[in-house]
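Work through these exercises with the structure open beside you. Try each task before you read its solution.

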Amino acid sequence: MSNGLRKELKLSSMIAMAAGGMIAAWMVEIKYWFELSGPGAAFSLMTCGILILPLCFIYSEMTSMMPYAGGQNIWITNAFGRNTGFASCWLIMLLYVMAMPTVAYGIASMLGYLFPVTSLQIKIIASVILVIWFFLTNRELKVLAKLQNILFWSTLVVSICASTIFIFSGHWHFSSIEWFPNGFSGYTAAIGLLIMKFVGFDLIPQLSEEAKFPKKDLWKAFVGALGCTVLIYSMAVIAVGGIVSNDWVAQTDIVDPRVADIIDMHWLGLIIVVMGSLTCITTLSSFWLSASRILYGASKQRQMTSKFGELNKFGQPQFANIIVGILSIYFTVFAPDAWVDYIYTIYGVAAGAVYLMVALSFLKLRKVHPEWPRPYKVKAGTLMGIIGIIFCLWVLYSSITAMNKGAWLVLALYGVLGVILWAYGKHKEKTDPLNWTPVILSPDTVDSSEDNEEQQA
């Protein structure tokens, strides 16, 4: 449609956007992975990646069938109705907005390797970065995509090279690796909780409306982004696990650069810190863009105000970007220090619930709408759906049983805010039906409207 989002993303840019969202400052978070299952976290990450593959194929088919900004919200709305779609939309927003304090935490820890910084200075620096990124996100997407491409692919090269240098440094010994200190239970728990590190592949549906490559190739973006993430994370875990002990990892602030210092390669530590900071920026970029597209899609279905659907001269949802910016700065500045301690469990609950509903929607829409065109159709669809459902249930179980009071409080408050917004939308449907009458985007409604526009032209 002429007034829609512009198609400016190549396949490589789409992979960079999605993988950039998944690959954050692991040199900071790796401490948590080791706490769960030691260097065995590498196998937990690989297993998690393998179990996510069916979801990637499901997402590929759903995205090719309904390549609209808003993604999961629109699919779930078509399968289970407007209210369930809104709930999923609100949970997805939580995933994206929570990435902001993680970015700030990562940048702060890495800056601490170079020079002392106070908590206030950390928050100021993070807020300045967010403000700069707000202006970038309101420019043409191809500008941001080029920057994302450079940052992500550079990160990929540097991280693989750093891990390889560790392994062949002469200080790395396979016999030194303390695999699975918490046994099989730690391995399986990590599979469920580490789903957070793969929240990013689901950014592709939010950006699919802006893709300028064939829809049948969308699966390549999903698999490519997932493969890059598993490769970087697994190599990093094994590389440091063969040099330092699990106890040492638990006591340090930022792992990879400190390991570089141990093997007398301070220059490598500096490169890793610079690369890690750039990685945080790619994460920020990916989640910001996707959060604004979630709001854009919700506005098109009249689940939220139509202002979220207004585009500026560069084809960007400017009002949605403003709201994302405000939320990002709020969570970055006011998030408590304990935020990072329970972010994994909140992520697990939100991601597990959304992915579960997507898998169920996939199975239902195959049954009730087999006639809808699917440029990419996953083989053994029913089996893929069942595997996806079982995996999501395990993620939910692992996350819920690990949640503490702080995590439940955050989730409850966020839920209350969502109910208020939902109730407001219901009220507007009655008082302003012209602008709030429900709309469900689907191949039927979108295609017909586009055909009418073409005929009128």
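## Exercise 1: A network of charges

Arg-366 has a relative accessibility of 22%, so it counts as partly exposed. Buried means under 20% relative accessible area, exposed means over 50%, and partly exposed lies in between (1.4 Å probe, protein chains only). The model is predicted: local features need pLDDT of at least 70, side-chain atom pairs count only at pLDDT 80 or more, and totals for chains, interfaces and linings use all residues. Residues are numbered from 1 along each chain as its sequence is written, and side-chain values use heavy atoms, with hydrogens and water left out.

**Task.** Which side chain meets Arg-366 in a salt bridge? Follow the links from there.

**Solution.**

Step 1. Learn the cut-off. A salt bridge is a side-chain nitrogen of Lys or Arg within 4 Å of a carboxyl oxygen of Asp or Glu. Side chains of opposite charge can pair when their charged atoms come close.

Step 2. Find the partner. The side chain of Arg-366 meets that of Glu-61, at 2.7 Å from N to O.

Step 3. Place both residues. Arg-366 is in helix 16 (residues 339-368) and Glu-61 is in helix 3 (residues 41-65). The pair links distant parts of the chain, 305 residues apart. Helices here are DSSP runs (H or I, at least four residues), numbered from the N terminus.

Step 4. Check burial. Glu-61 has a relative accessible area of 1%, so it is buried.

Step 5. Look for another partner of Glu-61. Glu-61 also forms a salt bridge with Arg-374, with the closest N and O atoms 3.0 Å apart. Arg-374 sits in the loop between helix 16 and helix 17 (381-402), 313 residues from Glu-61. Both Glu-61 and Arg-374 are buried.

## Exercise 2: Completing the set

**Task.** How many salt bridges does the structure hold? Which residue pairs with Arg-82?

**Solution.**

Step 1. Count. There are three salt bridges in the structure.

Step 2. Name the partner. Arg-82 pairs with Glu-429, with the closest N and O atoms 3.1 Å apart.

Step 3. Place the pair. Arg-82 lies in helix 5 (residues 82-97) and Glu-429 in helix 18 (residues 405-431). They are 347 residues apart, so this pair links distant parts of the chain.

Step 4. Check burial. Arg-82 is buried, because its relative accessible area is 16%.

Step 5. Join the shared partners. Glu-61, Arg-366 and Arg-374 form one network through salt bridges that share partners.

## Exercise 3: Helix against helix

**Task.** What is the angle between helix 7 and helix 14? Which residues make the contact?

**Solution.**

Step 1. Read the geometry. Helix 7 (residues 119-137) and helix 14 pack at about 50°, with their axes 11 Å apart. Axes are lines fitted to C-alpha atoms, for helices over the stretch in contact, and angles run from 0 to 180 degrees between N-to-C directions.

Step 2. Classify the angle. Helix 7 is therefore oblique to helix 14. The classes are roughly parallel (under 35 degrees), roughly antiparallel (over 145), roughly perpendicular (65 to 115) and oblique (the rest).

Step 3. List the contact (heavy atoms within 4.5 Å). Helix 7 gives Ile-129, Leu-130, Trp-133, Phe-134 and Thr-137. Helix 14 gives Ile-281, Leu-284, Ser-285, Trp-288 and Leu-289.

Step 4. Sort by class. The contact has eight nonpolar, two polar and no charged residues. Ala, Val, Leu, Ile, Met, Phe, Trp, Tyr, Cys and Pro count as nonpolar, Asp, Glu, Lys and Arg as charged, and the others, Gly among them, as polar.

## Exercise 4: Two residues of helix 15

**Task.** Asn-321: buried or exposed? What does Phe-319 touch beyond its neighbours within four places in sequence?

**Solution.**

Step 1. Place them. Asn-321 is in helix 15, and Phe-319 is in helix 15.

Step 2. Check Asn-321. Its relative accessible area is 0%, so Asn-321 is buried. Leaving aside neighbours within four places in sequence, its contacts include Phe-134, Thr-137 and Trp-288.

Step 3. Check Phe-319. At 27% relative accessibility, Phe-319 is partly exposed. Beyond those neighbours within four places, Phe-319 is in contact with Lys-307 and Phe-308.

Key:
Helices (H or I, at least four residues) and strands (E, at least two) are DSSP runs, numbered from the N terminus.
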